[in-house]
Amino acid sequence: MKLHIVHIYPNEMNTYGDRGNLLVLKKRAEWHGLESVIHYYHAGDAFPKQADIVLGGGGEDRAQDAIQGDILRIGDKLHALVAAGVPMLMVCGTYQLFGKRFITHEGREIKGIGIFDVETFGGDKRLIGNAAVETADFGTLYGFENHSGRTRLGAAQQPLGTVIRGNGNNGEDKTEGARTHNAIGTYLHGPLLPNNPKLADSLLILARPELTDTLSAAYDDLAERSRANARTRKY
Amino acid sequence: MRRTVGTLLGKSVAGAVRLRGKSGGQALPGLVVETLVPGYLGVMLRQLPQGVVIITGTNGKTTTTKMVVELLLAHGMRVLTNPTGSNLTRGIISSVSQQAKRGGRLPFDIAVFELDEAYARQFTDVVKPRFVLGLNASRDQLDRFGEVDVVARLVSETMLAATDGIIVNADDKRLSAAVSSADVPIAYFGVAPQLLTYFPRDDELVAVDGPEPTLEAADVPLGVELLAFEDDQATYRMAGQELKARLQVTGQHNFQNAAGALALVRAVLPDVDPTELLEALAAVQPAFGRGQEYTLLNGSKLQLNLVKNPASFRQGLASYVQKGTSLMIAINDRVADSRDMSWLWDIDFTSLAGRTVMLTTGSRAVDMALRLQYDDIPVGSVEPDIEKALTAFARLPGDKVIFASYTAMLRLHALLEKNAGKDL
């Protein structure tokens with residue numbers, strides 16, 4: 001049975017190499033012996049009937065404005081998929097739109113679809129740099145953050161993890177990202193999945209429970225070396 | 001008064017820096033003069049009878065500047081320019097004070113400066129340029145600029161500061177639209193419609209299926225148009241004539257840059273004979289680390305290519321990877337390279353299918369190899385030490401190409417300049 005990966009708004013939300021996440025899932029699925037079908041979802045399209053994993057990337061403010069109306073249109077569909085346990089990875093701009101609202105620096109409110117109980121406020125200084133986050137289910141995540149939004153979690157919202165280096169959601173409360181069922185929101189680019197194969201495989205296994213985490217270590221020799229470098233990087 | 005004081009100060013600081021044998025001496029004299037003699041750069045450059053010309057944009061600044069300078073020199077002008085790599089205001093102040101006479105006179109007709117997108121905008125507050133050439137705006141150093149729109153805005157604002165004319169890439173719609181209502185003359189350069197597919201704009205670079213990228217031709221009259229290219233030969237339309245030249249600076253992106261250089265030189269020298277311009281263009285050699293070729297001890301050729309961002313890496317892969325060439329990729333992550341490696345994932349390496357990249361090197365050698373792993377391109381070995389990697393690479397038989405990020409290129413350039421013909 002093929003794995004259907006839906007990548008939402010690939011032409012708008014693609015600024016920081018997040019298409020790498022798609023490439024990693026596709027290739028790792030292949031290594032697990034699973035053929036995948038990529039569905040690019042563009043504003044105005046019918047949402048793909050089969051969606052085993054949903055991915056979204058970060059984009060520029062202008063791009064985020066351009067897709068905002070459309071994401072509200074498909075909000076119910078995305079909520080239903082999350083409730084059904086479909087794994088999702090939403091990075092940066094799409095993470096913000098998966099929240100309840102984004103209040104721009106000028107005070108304008110951009111409504112999100114509220115899968116995560118989070119609110120984001122525009123900041124004046126961008127938070128940029130190498131980051132590391134400790135998570136319960138996926139180990140330490142290494143990535144690169146580049147965002148001006150400050151995201152605050154609602155009281156009951158579970159974060160993705162705890163910041164051990166960098167700024168995370170807002171530079172203050174040490175939380176990074178959000179998780180609701182199997183949907184993950186995060187500010188980590190890099191892109192995220194190449195350096196975090198455990199997270200990549202977890203998304204695949206959540207989508208296809210019959211898969212087991214049995215890839216030979218040789219596949220991840222380079223990723224492990226890259227992670228070792230990230231652990232000790234001084235800047 | 002400021003002219004003399006600033007010049008002497010700049011010269012003495014530069015002298016002291018040289019005496020102490022310090023490297024990186026380009027910025028310090030500029031910093032001292034900038035602090036102690038405010039307004040120095042403005043009064044100095046206002047002496048120039050033909051004023052100041054600025055070249056800016058994400059990719060192609062250094063090569064295009066070299067072309068413009070050499071075309072103007074070939075037509076008898078005395079040209080002041082900034083040394084490669086010091087494209088920030090301080091480097092320019094240093095360069096001006098060192099090239100001025102002790103009394104503060106600048107013995108040049110015109111200044112042609114390559115300026116970084118952010119500094120170009122600041123520079124126009126100090127000196128109003130006569131002409132500005134805007135090459136392109138594309139994703140680059142996003143850990144520094146944040147967004148591509150920011151880069152486009154900076155380049156556009158610099159162009160709009162020109163007093164006598166703007167030269168803009170008609171095929172970069174973000175830039176050409178931003179200046180369309182300027183109140184100075186605009187000279188457009190561009191490529192023929194059938195070539196547009198070789199020059200994707202930033203948004204097209206990463207587009208996937210769905211709506212087709214709009215490859216519509218520019219709807220403005222082109223002053224200089226790249227009509228065709230093959231190997232080292234490029235054909236341009238200019239002043240109603242079709243002209244061919246064999247260039248030593250090759251690569252499709254450089255043929256496009258040359259169209260910008262030609263358009264700028266025609267704005268500065270409106271009466272120049274286009275045929276003579278093309279002859280001078282054919283004589284231009286590649287700039288520092290931008291396609292420079294070295295002959296190694298074993299007789300093979302090695303070409304060093306700077307790659308800064310997805311657009312330039314993509315152009316490099318399309319232009320310089322020939323059948324049988326051995327490849328090495330050198331990626332560092334200092335600020336000038338980009339701390340963030342995400343740019344490597346916006347490049348499609350599948351055009352290398354069937355090859356092995358012989359070595360990856362630099363502080364991000366492992367990350368580069370990891371990127372290639374996901375496009376199924378095997379890597380011979382991962383050697384973060386650039387000097388060791390170059391030694392191993394140079395011993396391979398056959399012709400070679402290196403793609404290198406900025407500071408990796410600087411290191412390789414230094415090693416090759418010193419030892420290319422010897423045992424590396």
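Two strands are taken to pair if DSSP finds at least two bridges between them. In the predicted model described here, strands E11 (residues 178-180) and E12 (residues 183-186) of chain A are joined by three bridges and run antiparallel. Within this pair, A:Thr180 has A:Ala183 of E12(A) as its bridge partner. The two strands form a hairpin with two residues between them, and A:His181 adopts a positive phi near 50° there.

On its other pairing, E12(A) runs parallel to strand E4 (residues 88-91) of chain A, to which four bridges join it. One of the residues involved is A:Val91, whose bridge partner in E12(A) is A:Thr186. Strand E12(A) is covered on both faces. A:Ala183 and A:Gly185 lie on one side, A:Ile184 and A:Thr186 lie on the other, and all of these residues are buried.

These strands belong to an open sheet of six strands in chain A, with the order E2-E1-E3-E4-E12-E11 and mixed pairing. The edges of the sheet are occupied by E2 and E11 of chain A; each has a single partner strand, so one side of each is left without a neighbour in the sheet. On average, neighbouring strands of the sheet are turned by 15° against each other, direction ignored.

Strand E1 of chain A (residues 3-8) is mostly covered, with five of its six residues buried. Its pairing with strand E2 (residues 36-41) of chain A is in the parallel sense and extends over six bridges. In this pairing, A:Ile5 has A:Ile38 of E2(A) as its bridge partner. Helix H1 (residues 19-31) of chain A completes a right-handed β-α-β unit with E1(A) and E2(A). E1(A) also pairs in the parallel sense with strand E3 (residues 53-56) of chain A, over four bridges. Opposite A:Val6 stands A:Val54 of E3(A), while A:Ile8 faces A:Gly56 in E3(A).

In chain B, helix H5 (residues 89-99) is mostly covered, eight of its 11 residues being buried. The buried residues are B:Thr89, B:Gly91, B:Ile92, B:Ile93, B:Ser94, B:Ser95, B:Val96 and B:Ser97. Their cover includes the helices H1 (2-19), H2 (27-36), H3 (40-45) and H6 (117-126) of chain B, together with strand E3 (110-114) of chain B.

Helix H6(B) also packs against helix H8 (residues 148-160) of chain B: the two axes come within 8 Å and cross at roughly 30°. The crossing of H6(B) with H8(B) is left-handed. From H6(B), the residues that take part are B:Glu117, B:Ala118, B:Ala120, B:Arg121 and B:Thr124, which meet B:Val151, B:Leu154, B:Val155, B:Glu157 and B:Thr158 of H8(B). By class, this contact of H6(B) with H8(B) comprises five nonpolar, two polar and three charged residues.

Between the chains, the contact draws 31 residues from chain A and 26 residues from chain B. On the side of chain A that touches chain B, the elements giving two or more residues are H1, strand E7 (118-135), strand E8 (139-153) and helix H6 (221-232) of chain A. By class, this side of chain A has 12 nonpolar, 13 polar and six charged residues. Helix H1(A) thus appears in two settings, as part of the β-α-β unit with E1(A) and E2(A) and among the elements on the side of chain A that touches chain B.

Methods:
Residues are numbered from 1 along each chain as its sequence is written. Chains are lettered from A and ligands numbered from 1 in the order in which they are written. This is a predicted model: local features need pLDDT of at least 70, side-chain atom pairs count only at pLDDT 80 or more; totals for chains, interfaces and linings use all residues. A residue is buried if 20 or more other C-beta atoms lie within 10 Å of its own, exposed if 12 or fewer, and partly exposed in between; C-beta atoms are placed from the backbone. Two residues are in contact if their C-beta atoms, placed from the backbone, lie within 7 Å. A crossover is right-handed if, with the strands pointing away from the viewer, the path from the first strand over the helix to the second runs clockwise. Axes are lines fitted to C-alpha atoms, for helices over the stretch in contact, and angles run from 0 to 180 degrees between N-to-C directions. A crossing is left-handed if the near helix is turned anticlockwise from the far one by less than a right angle, and right-handed if clockwise. Ala, Val, Leu, Ile, Met, Phe, Trp, Tyr, Cys and Pro count as nonpolar, Asp, Glu, Lys and Arg as charged, and the others, Gly among them, as polar.
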